[in-house]
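Me: Here is a model I would like to discuss. Please take a close look at one surface patch, then carry on to a sheet and a histidine.

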Amino acid sequence: MKFRAAVLRSHEARFELEEVTQHEGPAAGEVVVRIAGCGMCRTDLAVRRSAGRSPLPAVLGHEGAGVVVETGGPDTGLAPGDHVVLSFDSCGHCRACLGAAPAHCDSFASLNLFGGREGQASRLTEAAGGALAPRWFGQSSFAEYATVLARNAVRVDPALPLELLGPLGCGFLTGAGAVFNSFGAGPGDTLAVFGAGAVGLAAVMAATAAGAVVVAVDRHPGRLALAERFRAIPLHAATADLPARIRRLTDGGASCALDTTASAGLINEALRSLRPAGRLGLVARLHTALPLEPGTLDRGRALVHICEGDAVPGLLIPRLTALWQAGLFPFDQLIRTYPLADINQAEHDCDAGHVVKPVLIPGG
């Protein structure tokens, strides 16, 4: 099977649109999906800073959505023609997976970031015959087709705009899942969101849908305007005595806060913005030590890391599409589409902050 894919050959290289070959059909439990659209996530772009930990050359992409075209047997629960959103890989049998916490799978890093399943050779080769890295996040969906485990694929209503749904499998899932799952936010709660990018704005939309009061902090006026459109109170990150301002706006402090920036300064301000027993969740990976200022964890305040919104994708993705259909989770307003051939422009626009969530369209 030959198809087009965006290949990243080195950490410094541009993506190259190439013809690749998949040498085997779907194995038992797998499905082949024709990709309708794939979101570009900062985790994809972080490969450039991974210091060789993620194998290259590779086809990246892990926010795919598309149509099933082939199944690896009758036990996948899916059939050709099904519309699916693809999410992260998990083993399905460790203590975390069995406990409905697949984002904390014992094998999460190896399955999604560092080369796939043990003993799994790549089935993709480039035109010259060289092997490409095993599939990224169980997908490698910067491509016209992806072969995935059926447990990665969530069936969705075919009436939905399939080409836009891919980010529900990771970025939007993470922000919304933090609100619904990690914090359990609801009416009467208050949430402070630090960083109004794709994850942060998904959290804003989810929190307002849940009936919580939301404060959004960012340094970009355009992102703050978006947050205000989604009914958050906007605050510039340079606001004088930011924690005190948030405490006044939230009647004594936020119940919970979400940081998407990995900025040590903002993380400390987020902790000081919390009411007693409040929780701060971090979603961005920290690359240096995190110095905590005295008193930031006093009075029961807690700091946790949140992975993939603590979500079970098969449960949360249908919830998010239902909220979208009800007009309560307008994630489509964050998306700009690009043909797959324009992937480098999409990366540039993402890095420059010109777009919240790029989505690549293989047929575009």
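Reply: L292, L297 and L303 form a nonpolar patch on the surface. Patch members have over 30% relative accessible area and no salt bridge (Lys or Arg side-chain nitrogen within 4 Å of an Asp or Glu carboxyl oxygen); nonpolar side chains (Val, Leu, Ile, Met, Phe, Trp, Tyr) are joined within 5 Å, like charges within 9 Å. Together the three leucines have about 210 Å² of accessible area (Shrake-Rupley, 1.4 Å probe, only the protein chains shown as cover).

This is a predicted model: local features need pLDDT of at least 70, side-chain atom pairs need 80 or more, and totals for chains, interfaces and linings use all residues. Numbering runs from 1 along each chain as its sequence is written, and side-chain values use heavy atoms, without hydrogens or water.

L303 lies in strand β15, residues 302-305 (strands are DSSP E runs of at least two residues, numbered from the N terminus). L303 counts as partly exposed because its relative accessibility is 31% (buried is under 20%, exposed over 50%).

Now the sheet. Four strands form an open, antiparallel sheet, ordered β4-β1-β2-β7. β4 (58-59) and β7 (124-125) are its edges, each pairing on one side only (pairing takes at least two DSSP bridges). β1 (residues 2-8) and β2 (residues 16-22) share six bridges. V7 stands opposite E16 in β2.

H62 sits in the loop between β4 and β5 (64-71). H62 is buried because its relative accessibility is 1%. Its side chain makes a 2.8 Å polar contact with the side chain of D44 (N or O atoms within 3.5 Å, one able to donate a hydrogen, the other to accept it; sequence neighbours count only through side-chain atoms). Beyond four places in sequence, H62 is in contact (heavy atoms within 4.5 Å) with residues including C38, C41, W136 and C170.

Methods
Buried < 20%, exposed > 50% of the residue type's maximum accessible area, 1.4 Å probe, protein only.
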